Amino acid sequence: MIIEALKRIVGPKGFLEGADISPAFHHDISGERSGFPSLVLRPASTLEVSAILRLCEGAGQPIVPQGGMTGLVSAGTPAPGEIALSLQRMNSIEDIDEAAATMTVQAGCPLQAVQEAADACGLFFPLDIGSRGTCTIGGNLSTNAGGNRVIRYGMARELTLGVEAVLADGTVLDSLNKMRKNNAGFDLKHLFIGTEGTLGVLTRAVLLLHPKPRSQLVAFCALPGFKAAISLLRLLRSELGGRLSAFEALWQNSYRLVIETVPSVRKPLQAEAPVYVLVEATGTHPAADETAFESALASALENGVVDEVVIARSLTEVHDLWAVRDGISEAVLKLNPFLSYDVSMPVGEMDVFAEFAMTRIARDWPNARVGVFGHIGDGNLHIVTNVGEDGATPRAVVDELIYGATRRARGSVSAEHGIGFQKRAWLSYSRTPEEIGLMRKLKASLDPKGILSPGRVLCP
């Protein structure tokens, strides 16, 4: 029996079954889908992952990889009959090459552990999202995570030099490249970054590190509107250049949601404003960086781009200001139901899109709460709402409202969270038939029996 054979591969400490399978393996934090896996396998090595997939492929047994289960599109949620493959035991940092500024880690390593290990060596891993303490590098890469510092450092894809992945038939692909320049044929890591476990299971990765900033300057600004936010972004890019590392916008509704529902967050400004922006700049010359930062914000105040601003004067104040932005992750979980949208579009389309979404939700669901926030510098907006708490509104109705507007704005239905189960019906709103056709050919070629994360990303 395949179940017993799989259990022998990982040994007594490497599997969970029956009542020992906790709800943590049933669903991600969206809670929109839930499934009870027939077995949870917890391999301790790439060789064990290889043996597991070889056996599953031979038997036609579907299997879904799981990381920290902090996703929002149900990609890791088990479907009926699926086995869960948790990478959380494979959590080692194997190597830090300070000369090359790289780190080799196993896929189950938490993001925060990577950040802290880099910091201890005087280096910096800039990928940062609110679930940093729980999410894993494998999950980050499989969704091509973005987060707070894309404006300067790029997505997870730009921070990955090489990967090790296991194909559906158990083949181990060692592409653990440490070089920034390597044009020897196809760059195969891109088959596994952003494909949500549908083409192979990521087991290890070589991450690109950066010099550790010697200055971190943070300000929280109240602005008269979205156009002012774009003006501020343009001004800061001009004045600060590559030092601008984060530009996080909160519409008034999301700001209030955090202030009203997260007790640990302190209100940074007394002014009520249509839009708030958290700005961060990092650099290697503290005195010069501080002068440039304050000068740029003073110019924004003088020109009416910013109505009010508070600048952090200590590390504690830096944490307090970032807590407002990070507090959204806690605040939205208090909405019931919790509907989350992650879209991207040209920056010039964002204001019209946001106003349309807020106006339509207020019109059609007068009692609903809505929050809009995002990474304006890279064209990414998030919308959260509790539409449908009375049970009368199907998710698809709200999806069509948001994703239809995204398509009209020439945007993407997924900026950084992936597709999973949740968005697969809307993939054609952002991808052409030819693109989807090629995705299907890749899936059929690398996973002909369809055992890896079946039904995610592409509709059956």
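**Figure 1. Strand β12 pairs with strand β15 in the antiparallel sense.** Four bridges join β12 to β15 (residues 308-311), and Glu308 of β15 is the bridge partner of Ala222. Strands are counted as paired when DSSP finds at least two bridges between them. The model shown is predicted, with local features requiring pLDDT of at least 70 and side-chain atom pairs pLDDT 80 or more, while totals for chains, interfaces and linings use all residues. Residues are numbered from 1 along each chain as its sequence is written, and side-chain values use heavy atoms, without hydrogens or water. Helices (H or I, at least four residues) and strands (E, at least two) are DSSP runs numbered from the N terminus.

**Figure 2. Strand β12 (residues 215-223) also pairs with strand β14 (residues 275-283).** This antiparallel pairing extends over nine bridges, and Leu223 stands opposite Val275 of β14. Because eight of the nine residues of β12 are buried, the strand is largely enclosed by the rest of the structure. Buried denotes under 20% relative accessible area, exposed over 50%, and partly exposed the range in between (1.4 Å probe, protein chains only).

**Figure 3. Seven strands form an open sheet with antiparallel pairing.** The strand order is β15-β12-β14-β13-β17-β18-β16. The edges are formed by β15 and β16 (339-344), each of which pairs on one side only. Neighbouring strands are turned against each other by 15° on average, direction ignored. Within the sheet, β13 (residues 244-251) and β17 (residues 370-375) are joined in the antiparallel sense by three bridges, and Glu248 is placed opposite His375 of β17.

**Figure 4. Helices α9 and α11 lie across strands of the seven-stranded sheet.** Helix α9 lies across β12, β13, β14, β15, β17 and β18 (380-385) and runs at about 60° to β12. Helix α11 lies across β16 and β18 and runs at about 15° to β16. Axes are lines fitted to C-alpha atoms, for helices over the stretch in contact, and angles run from 0 to 180 degrees between N-to-C directions. Contact means heavy atoms within 4.5 Å.

**Figure 5. Helix α10 packs against helix α11.** The axes of α10 (residues 350-364) and α11 (residues 395-408) are 10 Å apart, at an angle of about 155°. At this angle α10 is therefore roughly antiparallel to α11 (under 35 degrees is roughly parallel, over 145 roughly antiparallel, 65 to 115 roughly perpendicular, and the rest oblique). The crossing of α10 past α11 is right-handed, the near helix being turned clockwise from the far one by less than a right angle; an anticlockwise turn would be left-handed. From α10, Phe353, Phe356, Ala357, Arg360 and Ile361 meet Leu401, Ile402, Ala405, Thr406 and Arg408 of α11. By class, seven residues of this contact are nonpolar, one is polar and two are charged. Nonpolar covers Ala, Val, Leu, Ile, Met, Phe, Trp, Tyr, Cys and Pro, charged covers Asp, Glu, Lys and Arg, and the others, Gly among them, are polar.

**Figure 6. Helix α6 packs against helix α8.** Helices α6 (residues 226-240) and α8 (residues 286-302) have axes 10 Å apart and meet at an angle of about 145°. The passage of α6 across α8 is a right-handed crossing. Helix α6 contributes Leu232, Leu235, Leu236, Glu239 and Leu240, and α8 contributes Ala292, Phe293, Ala296, Leu297, Ser299 and Ala300. Nine of the contact residues are nonpolar, one is polar and one is charged.

**Figure 7. Helix α7 packs against helix α9.** The axes of α7 (residues 252-261) and α9 (residues 315-332) lie 9 Å apart, with an angle of about 75°. This angle makes α7 roughly perpendicular to α9. Tyr255, Leu257, Val258 and Thr261 of α7 form the contact with Val324, Gly327, Ile328, Ala331 and Val332 of α9. Seven of these residues are nonpolar and two are polar, with no charged residue.

**Figure 8. Four strands form an open sheet of mixed pairing.** The order is β1-β2-β4-β3. Strands β1 and β3 (63-66) are at the edges with a single partner each, so one side of each has no neighbour in the sheet. Strands β3 and β4 pair in the parallel sense over four bridges, with Val64 opposite Ala84 of β4. Helix α2 lies across β2, β3 and β4, at about 155° to β3.

**Figure 9. The buried residues of helix α1 (residues 2-10) include Lys7.** The others are Ile3, Ala5, Leu6 and Val10. The buried residues of α1 pack against β1 (15-16), β2 (40-41), α2 (46-59) and β4 (83-86). Gly11, just after α1, has a positive phi of about 80°.
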